[in-house]
Amino acid sequence: MINIKIDSRRVTEGDTFVALKGTTVDGHDYIQKSIENGATKVVIDHDMDLPVEKIIVPDTNKWLTDYISETYSASANELNLMAVTGTNGKTTTAYLTYQILNKLGSKTAYIGTIGFYLPDEDFIELPNTTPNILDLYELILTAKEHGCKNVMMEVSSHALHQCRVKGLKFKVAAFTNLTQDHLDYHKTMDNYLEAKKLILNQLEGTMLINADDNCASSWTNSYSNTKTYGLNGEDYKILSYNDTEHGTYIKFSTKEKEYEVETNLRSTFNVYNYLTTLSLINNMGYSIEDIISVTKEIYPPKGRCEQIKVKEGEAVIDYAHTPDAVEKIVKAFSENKKGRVITIVGCGGDRDPKKRPIMGRIAAENSDYVIFTSDNPRTEDPELIMKDILVGVNTSNYEVELDRRKAIVKALDMIEKNDVVLILGKGHEDYQILGHKKVHLDDAEEVRNYIEQH
C-alpha cells in the first residue's frame, strides 16, 4: 500500500512521514517518534537537524494532497467511483447503493459516516464522513485489492473544500438536499452550496439532483448532464407513497414507464433516499426492474430510523442532527401516529449555534413531549448549549435532562400503547464527546439494556 504516513504511531520501516499542522496537533512535534518507528524520510515546513532525508516545503498539507492525487489517482480511477453529497440522506443513500449493487453481483465498497465496508460487510470505523486524502486513497486501493468493481462514497462539503477527494473522477453523483448545517465552518449558506458544487469539477457522468430542493436550479444551471428526481422530478418522478408499520410502498415513474416498489424503509425522507439510490444505480447501467427485484433484501444502516420494540410502543434511533432532519423525522412519525410522539434531542457543542433554537422550536412544536438532553457537548458547557436551544421553545411540553442515559430511561418509562420515542442526534455513534474525551454511549444499546431490565 501507500508508504506515506501522517500518524507517527502508524509508521513502519522505510515509510515517509509527513508532518501536518492541524488545529490542535502539529505533526512536527512527532518527527522523532516517527524516526524511532522506522521513517527514512520526512516532509516538513521548516529546516530541522534530523538524521534522515528531509523534504522541506512551504505547506505540508498541500504537498500531501498533490503527491497522493498525482501518484495514485490513475489506479483509484480504474474503479467505478460514485458519490453522494448533501446535508441529509448521504449515509442511507450510499449504504443502500452499496447493498443493492452487491445483491446484483457487482462487488462494491462503501466509504462514509458509518465506516468503510467491503462486500462481505467487514468494516472499519472512520473519524470523518470523508477521510483525509491519504486514508481515502488507501481505502479505495484496499477495495480494489479485494476485487471491488465500484466504490460508493459520501462526499462532505468539508472534504470538497479541503481537497480531500482531489484527483478522483466520479462516474455518477447525486445531490440530496441543502439545509442549515456547518455554518460554523462555511459561514453562509451560499458558501456551503458552492463547496458542495465543487464535486462537479470531478464528475465524468450524470449529476442526479433532488428537484424538490430549493437549490435544484443552481445545480442544473451549473452542469450540462443532469437528471432530476422527486415529486417534481423530470426523470424519476414520485407519484405516491404509503408509509406502513414495516416500510413504504412507493409508486414512481420515469419518462417511459410507471413502477411500484415495496421497501423496508419508513417515512417520507427515506422515499427520497431510495429514489436517489435507484437513480444512481440506474445511471450506472442497471435496469430499474433489477434494482426493484432486490429492494426487499436491503435495510437502512444502523442508527438511521432504527426501530426497536419497547413495551407496547417503540423506540426509533436516528442520526437527525440538523433542523431539517429533525423536522422531517418528527413530522413523519407525527403524521402517522397512533399514540404519542416523545422526542429526545440535543445539539452538539463547538458547532453552529444558530441552529439550536430552531431545532428546539421544531422538536417542541411537532412532538407531543420532548426531553431535551446533551448530544456531544465537546468543550462547551452543556447548560449553555441548552439555554441556546430553549430560546426557540414557546411551549410547555418539555423537560430538560442533561444526562443522556437518564433522558432515555425517562422517555422509555413514559411509553404507553402505540407511543413512539424518537432518540435523535447520534444514530450509529457509540460514544459521547465530553471535553476532548470520548465516553462510551450507544443509544440503541441503552434501549436494549432498558428492555432487559424491565
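Two strands count as paired if DSSP finds at least two bridges between them. Keep that in mind as you open this predicted model, because the tour starts with a pair of strands that passes the test: six bridges join S14 to S15, against the minimum of two.

**Stop 1: a hairpin**

Select residues 248–253 for strand S14, then add S15, and you will see that the two run antiparallel. Four residues separate them, and together the strands form a hairpin. For a single contact to centre on, pick Phe252: its bridge partner in S15 is Tyr259.

Now show the side chains of S15, residues 258–263. Which of them are buried? Tyr259, Val261 and Thr263 are, and they point to one face. Glu258, Glu260 and Glu262 point to the other face and are not buried. In a regular strand, side chains alternate between the two faces of the sheet, and S15 shows such an alternation.

**Stop 2: an enclosed helix**

Next, select residues 90–103, which make up helix H3. From its first C-alpha to its last, H3 reaches 20 Å, close to the 20 Å expected for its 14 residues at 1.5 Å a residue. Colour the helix by accessibility, with buried set at under 20% relative accessible area. Twelve of the 14 residues are buried, so H3 is largely enclosed by the rest of the structure. The buried residues include Lys90, Tyr95, Leu96, Tyr98, Gln99 and Ile100. After H3, look for Gly105, where phi is positive, near 85°.

**Stop 3: the largest cavity**

How many cavities of 30 Å³ or more does a search of the whole structure find? There are two. For the largest, which holds about 40 Å³ of space, select Ile4, Lys5, Ile6, Asp7, Arg10, Leu134, Asp135 and Glu138. Strand S1 (4–5) and helix H4 (133–145) each supply at least two of these lining residues, and H4 gives the largest share, with three. Colour the lining by class and you will find five charged residues, three nonpolar and no polar ones.

**Stop 4: the second largest cavity**

Finally, move to a space of about 30 Å³, the second largest cavity. Select its lining: Cys347, Thr373, Ser374, Asp375, Pro377, Pro382, Ile385, Met386 and Leu402. Keep the class colouring on: this lining divides into six nonpolar residues, two polar and one charged.

Conventions
Residues numbered from 1 in each chain as written. Predicted model: local features only at pLDDT ≥ 70, side-chain atom pairs only at ≥ 80, totals over all residues. Heavy atoms only, no water. 1 Å grid on protein atoms, 1.4 Å probe; cavity = no way out; pocket = protein on both sides within 12 Å on 5 of 7 lines; lining within 4 Å. Points joined across faces, edges and corners; volume = space filled by probe spheres on them. Nonpolar A, V, L, I, M, F, W, Y, C, P; charged D, E, K, R; others polar. Expected span 1.5 Å × (residues − 1). Buried < 20%, exposed > 50% of the residue type's maximum accessible area, 1.4 Å probe, protein only.
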